[in-house]
Amino acid sequence: MALRNKPSWELLAEPDLSKVPVEELEYDALIVGGGMAACGTAFEIGKWMPAGSKVCLVDKACLERSGAVAQGLSAINTYIGENPVANYVRMVRGDLMGVVREDLIFDLGRFVDDSVHLFEEWGLPIWKKKGDEGKPLTEGGQPVRTGKWQIMINGESYKCIVAEAAKNALDEMGYDLHERVFIVKLLLDANKPNTIAGAVGFSARENKVCVYKCKTMMVAAGGAVNIFRPRTTDEGKGRAWYPIWNAGSTYTMCMQVGAEMTMMENRFTPSRFKDGYGPVGAWFLLFKATLANSEGVNFAATDRAKEELAKYPPYGQQPVTPTCLRNHLILIECKEGRGPVFMDTAAALNKFLDDKRAEGMNEKDLKKYWKELESEAWEDFLDMSVGQAGLWASMNVEPEKVGSEIMPTEPYMLGSHSGCCGIWVSGPNEDWVPDDYKWGYNRMTTVNGLFSSGDGVGASGHKFSSGSHAEGRMAAKAMAKYVMDNADFAPALKQSADELKAEVYKPVVTYNEHHMWTTDDMINPNYIRPRHMMERLMKYTDEYGGGWSPYYMTNGKLLEIAMTHLRLLTEDSEKMAASGLHELIRAWEMVHRIWCVEDHLRHIQFREESRYPGFYYRGDFNVTSDTDMDEGGWKCFVNSKYDPETGEWSTFKKKLHKIIPD
Ligand code: SFD
Ligand code: AMP
């Protein structure tokens, strides 16, 4: 059995921090994160930065397989193609119950296809319609569209391809790449108020602390996973739909330095194949499958469902039911005793066969066609969610013979998929953008020099992988402009390198000082291990903050109790102990999770309505008729801000501008 990855033995025996070197580095631009958005920034930034600039990308993992696209994907969910960009804005607005930043969405829609074209140029196989095989999108090749916005890919190596291009671009410019360095917190400038000046992190492979100074920074460290109790238990807890490595670092690190947050009440509770967490989009859109309850009824097509959706005007009456309301219908079936809900995979696949038979296809060709269908059905997961394919295989599931259960999962926080929590950023500096939506640099947060993209940027969901990459590129250009406009800015840090080191390594010191006092080093009156912190956090968020066990229901009183628990948890997080470098990552991830969950619940407390049924419900503001949605009072953004000087939070409303007409 391999030994746990511990810090050096000398350090363990005696917590002597003088044995931990500190590397102090200075860059013009620092990119924190190595996912789709950060790879977009890395690819683009060198084209715009002044000659001789120094840039570094820091990823807690390895660029080739880090972030949400680590396993690959089987579809690109945002490709505008033949659609008017304004319709993309309408789709996102409709799906997210009306409260979105239309400037950011329109801006993204204008540029996203360029990233998709690059992916194809770099070698990503994109499915083409018959007759167009081998013809690139840029030469008129027609993609296989599943829905209006989504296209199919052979995407097992999607992230490797995108990472390779990012690495090459960094390399060509002589820029740096630091892999397996976990960024713990951002650092404000000592002299210039509200201005980013650096970040501190540590290596996950050697005893080393890294202190970075920079003039501008991109933080694109993904969304937040493992913040609510997952449906999986014990060893299975390593499985989730979204990447378990993304721990809310983006939100927490930016809010800690005072960045204004938006729509942090929003969460994504996706319906997924039960236990394997396999995504459902391809099954709904490509295979045209429907859901059936335990009585075999396609409940979404019943009058009962129509009546329910009518309670949410105008959102429930759209041609495509919003994602949260689709969940809401599933939950009603389960709560009223008609669960479980099945994806009728057998009916969907066999219908294709019946249609071909009716068209007169002969038996030999039918057999070949069947093989193709079967491999597409499995490949959907092999390319993106291999655990789901493993589960089907191990449970002897033959999707052409039996359906598979669909279940809303535990909630995730993200800003790039079908959710929209995140940071309040500037839109493009163009005359059609309302004044209160722009402050000079596209995608800059309210902290000078600090940018975000992908899951980090709030109020503009449905970017997905392609949109996150494109947004990272768009921000890169603005970052370069910021550097040029602030050429004489010399970042200065408030804390010394040794102070920062002591703070970062505190959980290791705590462990070393106390672990000998108990026979089982997991249990100790002087410390708490990150694993136990996580169990506690999940218990509170699940039971009080509207997790899956109370069917996503919370209310004012429950939230008050959740906040009390979170306060105690935050206090106890000072006593977190880490026995090795991997556990030191876990410890800081827990700190990041607790902060972002606190903001999440603060926002849910503030928004006194149930705008996202199916994602969460405020039981004290239930919707029971078509007059219950308070569009006058709540069709607005909820923003929050932590003041790093005073340690105080404020939560407030922000005006929503409709830019694109219905
Ligand atoms: O099927 C630190 N996504 C889908 N997008 C699509 O286009 N098509 C799909 O098919 C999609 N589906 C899907 C998707 C994701 C997953 C997990 C599954 C299925 C199973 C969504 C996209 O993947 C998503 O929108 C983008 O990846 C978001 O990009 P970005 O850059 O915001 O996040 P990231 O890629 O996860 O990268 C985060 C990076 O940050 C690093 N990191 N680095 C340093 N210090 C720290 N403290 C850090 N914390 C994190 C990470 O290592 C990573 O590099 S489907 O469901 O619809
Ligand atoms: P998912 O696999 O659920 O993450 O969805 C992938 C893509 O398909 C996203 O763009 C979703 O918005 C879209 N999608 C999933 N299910 C449906 C559905 N039933 N109707 C319309 N669009 C859907």
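## Two ligands and three domains

Helix 7, which runs over residues 281-285, gives the most to the shell around ligand 2, with 3 residues. I start there, and I should say at once that what we are looking at is a predicted model.

Let me stay with ligand 2 for a moment. There are 13 residues around ligand 2, and those that come nearest are Q150, R272, G281, R326 and H417. If we sort the shell of ligand 2 by class, we find 6 nonpolar, 5 polar and 2 charged residues. Turning to individual atom pairs, an oxygen atom of ligand 2 sits 2.8 Å from an N or O atom in the side chain of Q150, and for the side chain of R272 there is likewise an N or O atom at 2.8 Å from an oxygen atom of the ligand. With R326 the ligand atom is a nitrogen, and it is 3.3 Å from an N or O atom of that side chain. On its own, ligand 2 has 480 Å² of accessible area, of which the protein covers 83%.

Where does ligand 2 lie with respect to the domains? Residues of its shell come both from domain 1, which is 28-266 + 412-485, and from domain 2, which is 271-408, so ligand 2 lies between the two.

Now to ligand 1. This ligand is surrounded by 38 residues, and the closest are D59, S66, N246, S416 and S465. By class, its shell holds 20 nonpolar, 14 polar and 4 charged residues. Several elements supply at least two residues each to this shell, among them helix 2 (36-45), strand 2 (55-59) and helix 13. Looking at single contacts, a polar side-chain atom of S465 lies 2.6 Å from an oxygen atom of ligand 1, while a backbone N or O atom of A75 lies 2.7 Å from a nitrogen atom of the ligand, and a backbone N or O atom of K60 lies 3.1 Å from a nitrogen atom of ligand 1. Taken alone, ligand 1 exposes 1,100 Å², and the protein buries 97% of that. As for its place in the chain, domain 1 and domain 2 both give residues to the shell, so ligand 1 lies between them.

That brings me to the domains themselves. The protein chain is divided into domain 1 (28-266 + 412-485), domain 2 (271-408) and domain 3 (505-635). The centres of domain 2 and domain 3, taken over C-alpha atoms, are separated by 33 Å, and the contact takes 15 residues from domain 2 and 16 residues from domain 3.

I would like to finish with two single residues, beginning with H469, which lies in helix 13, residues 464-485. Is H469 buried or exposed? Its relative accessibility is 0%, and because buried means under 20%, H469 counts as buried. Its side chain makes a polar contact with the side chain of S115, at 2.9 Å. Leaving aside residues up to four places away in sequence, H469 touches M36, A37, C39, G40, S115, F119, W122 and V162.

The second residue is M361, found in the loop between helix 10 (345-358) and helix 11 (363-382). M361 has 26% relative accessibility and therefore counts as partly exposed. Its contacts, again not counting residues up to four places away in sequence, are with K356, L366 and Y369.

Terms used
Residues are numbered from 1 along each chain as its sequence is written. Chains are lettered from A and ligands numbered from 1 in the order in which they are written. This is a predicted model: local features need pLDDT of at least 70, side-chain atom pairs count only at pLDDT 80 or more; totals for chains, interfaces and linings use all residues. Side-chain values use heavy atoms; hydrogens and water are left out. A residue is near a molecule or strand if one of its heavy atoms lies within 4 Å of it. A polar contact is a pair of N or O atoms within 3.5 Å; within protein, one must be able to donate a hydrogen and the other to accept it, and residues adjacent in sequence count only if both atoms are side-chain atoms. Accessible areas come from the Shrake-Rupley method with a 1.4 Å probe; for residues, only the protein chains shown count as cover. Helices (H or I, at least four residues) and strands (E, at least two) are DSSP runs, numbered from the N terminus. Ala, Val, Leu, Ile, Met, Phe, Trp, Tyr, Cys and Pro count as nonpolar, Asp, Glu, Lys and Arg as charged, and the others, Gly among them, as polar. Domain bounds come from an automatic or database domain assignment. Buried means under 20% relative accessible area, exposed over 50%, partly exposed in between (1.4 Å probe, protein chains only). Contact means heavy atoms within 4.5 Å.
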